[in-house]
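These are my notebook entries on a structure that I examined one topic at a time. The sequence and the model come before the entries.

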Amino acid sequence: MKKTILGIVMMMATALMAQQPTLAPKWSSLCDSTQRILDLPYYYCECTESARAFAFPYEGEVKDTMWFTATMEDLRQGVSAYWFSNSSVTMEVYAFCTSKVPTITLTVGPNQMRDIDVAKINKKLDEMGDLATSVDKMNPHMRVYPNNGGSGHVYCYPYDQGPLSTCEEPLPLRPGMTYVCDKEQNAYRMEWSSIASSGKAFVHWKQKNNRPCEVWLTLDSCTGEEIGRATLSDSLHVYQLDSAKLVDARKAKRCIWLHTKHGKEAPGRVYYYNNPKYEEPLAPVNKKTCAGKTFTQNLRVYDSDTTFVDTIWIARDTLQTQEVSFSFTQPKLEFDTVYVQPTDLSRGYIYKPSGTVLKEYGDIQVEIKKKNTCTRLVQVTVLMPEGYDYIQSGSERSCKYIQNGKLFIYIDDRIYNVLGQEIK
């Protein structure tokens with residue numbers, strides 16, 4: 001019976017749509033009667049007759065309730081919604097205009113970005129069971145409305161994407177708002193009134209593979225005076241801005257610009273927070289090891305003596321500090337002696353422990369380095385085998401060698417007898 005009623009409703013709606021323009025300012029009396037007779041949701045007629053086509057990316061003003069007809073292809077990309085307003089906005093997805101409750105609901109707070117990834121959307125569809133198969137063949141409906149009578153500007157993009165913010169058309173930089181940086185370079189503009197009176201603020205970069213991002217700030221314009229620059233190497237550390245410069249900018253009513261630049265293959269998210277909060281400091285770290293080994297602490301690798309206070313990100317506007325001290329003992333000098341024939345030395349003798357190429361007799365210091373192993377420092381003495389002796393003859397490398405009672409002369413890599421004849 002329910003299927004029959006639903007079929008009648010859909011037929012009536014189809015006939016009505018054929019007679020009405022796509023953007024009817026008011027639903028028809030026939031639809032209104034159908035809604036009341038069949039006890040359909042109060043928004044049924046607005047959903048069927050006022051919905052406009054939706055496609056990514058979407059940008060526009062929202063002052064009242066708006067309906068869109070989407071495709072499952074769009075929704076299965078996930079959603080990243082940006083909302084610039086002093087009030088919140090809600091987005092709902094309905095399988096049908098007759099649906100009593102939305103399948104997906106997303107509320108975005110004032111000056112915030114919220115998103116739903118593909119996994120969450122697929123999970124919601126799986127919860128619908130057999131109905132999900134039908135939904136894939138139909139166009140679900142989206143309802144967007146500001147809360148408490150507010151209005152604002154909305155941007156909708158597929159998950160993990162965002163609007164390009166340029167010097168010519170910058171997005172407003174709002175403290176605490178998430179900005180997806182899927183383009184290689186962006187520039188955001190902050191009004192002086194949004195700068196904290198204390199000047200205390202930090203920039204946070206999040207990237208799922210901890211790829212780096214370069215950030216810098218300028219005054220007044222996109223190409224104005226630079227007042228700070230840093231490279232954020234991972235998602236655990238932040239860039240704490242120069243509070244004195246920010247206080248001066250606020251007092252002089254000068255806007256600031258935040259610039260980001262990262263690898264094309266490494267999209268991420270950037271945040272600006274005022275007046276950071278601090279958790280209780282973490283327990284200090286004090287470690288020693290030999291030179292050549294490394295310590296990894298808070299996603300960073302250290303291979304030389306260092307002592308400092310590390311500041312790490314905890315959640316949103318909250319940071320935490322930790323005293324860190326690492327020291328590395330230097331290797332003690334070791335000694336080694338190798339005997340090398342002149343012919344081998346002239347070609348370049350490879351000292352295997354370090355891979356160093358030796359070309360002269362005498363003493364040489366070499367470092368033996370292997371990954372995550374203590375470094376060794378060795379003084380290598382290079383000697384000729386017994387029976388060899390140098391003959392000083394200008395710049396030539398000569399030596400004499402007695403073998404089986406016979407005298408031979410080595411000159412570089414050639415051998416001569418006492419009569420000066422070359423022996424091959």
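**Entry 1: helix α7**

Which residue follows α7, and what is the sign of its phi? I looked this up in the model, which is a predicted one. The residue after α7 is K253, and its phi is positive, near 55 degrees.

I then turned to the other end of the helix. The N-terminal end of α7 is capped by D242, which places a side-chain oxygen 3.1 Å from the backbone nitrogen of A244.

Next I checked burial along α7, which spans residues 243-251, and found L246, V247 and A249 buried. Viewed down the axis of α7, these buried residues fall within an arc of 160 degrees, so they line one face of the helix. I also noted their partners: the buried residues of α7 pack against the strands β13 (201-206), β14 (213-219), β15 (226-232), β17 (256-262) and β18 (268-274).

**Entry 2: H204 in strand β13**

One of the strands packed against α7 is β13, and I chose H204 in that strand for a closer look. Is H204 buried or exposed? Its relative accessibility is 1%, and the cut-off for buried is under 20%, so H204 counts as buried.

For its side chain I recorded a polar atom 2.8 Å from the backbone oxygen of S235. Leaving out residues up to four places away in sequence, I listed the contacts of H204 as L232, S235, H237, V238, R269, V270, Y271 and W313.

**Entry 3: helix α2**

I repeated the burial check on α2, residues 29-37, where C31, T34 and Q35 are buried. Why do I place them on the same side of α2? They cover an arc of only 100 degrees around the axis, which puts them on that one side. The face turned away from the buried side carries S29, R36 and I37, which are exposed. After α2 comes D39, and I noted its phi as positive, near 55 degrees.

**Entry 4: cavities**

How many cavities of 30 Å³ or more does a search of the whole structure find? The search returns 6, and the largest has a volume of about 80 Å³. I listed its lining as L75, V79, M91, V93, I104, T105, L106, I116, I121 and M142. The elements giving two or more residues to this lining are β5 (89-94) and β6 (104-108), and β6 gives the most, with 3 residues. By residue type, I counted 9 nonpolar, 1 polar and no charged residues in the lining of the largest cavity.

Technical notes. Residues are numbered from 1 along each chain as its sequence is written. This is a predicted model: local features need pLDDT of at least 70, side-chain atom pairs count only at pLDDT 80 or more; totals for chains, interfaces and linings use all residues. Side-chain values use heavy atoms; hydrogens and water are left out. Buried means under 20% relative accessible area, exposed over 50%, partly exposed in between (1.4 Å probe, protein chains only). Helices (H or I, at least four residues) and strands (E, at least two) are DSSP runs, numbered from the N terminus. The arc is that of the directions from the helix axis to the C-beta atoms. Contact means heavy atoms within 4.5 Å. A polar contact is a pair of N or O atoms within 3.5 Å; within protein, one must be able to donate a hydrogen and the other to accept it, and residues adjacent in sequence count only if both atoms are side-chain atoms. On a 1 Å grid over the protein atoms alone, a cavity is a set of points where a 1.4 Å probe fits but cannot get out, and a pocket is an open set with protein on both sides within 12 Å along at least five of seven lines; lining residues have an atom within 4 Å of a point. Grid points are joined across faces, edges and corners, and a volume is the space filled by probe spheres set on the points. Ala, Val, Leu, Ile, Met, Phe, Trp, Tyr, Cys and Pro count as nonpolar, Asp, Glu, Lys and Arg as charged, and the others, Gly among them, as polar.
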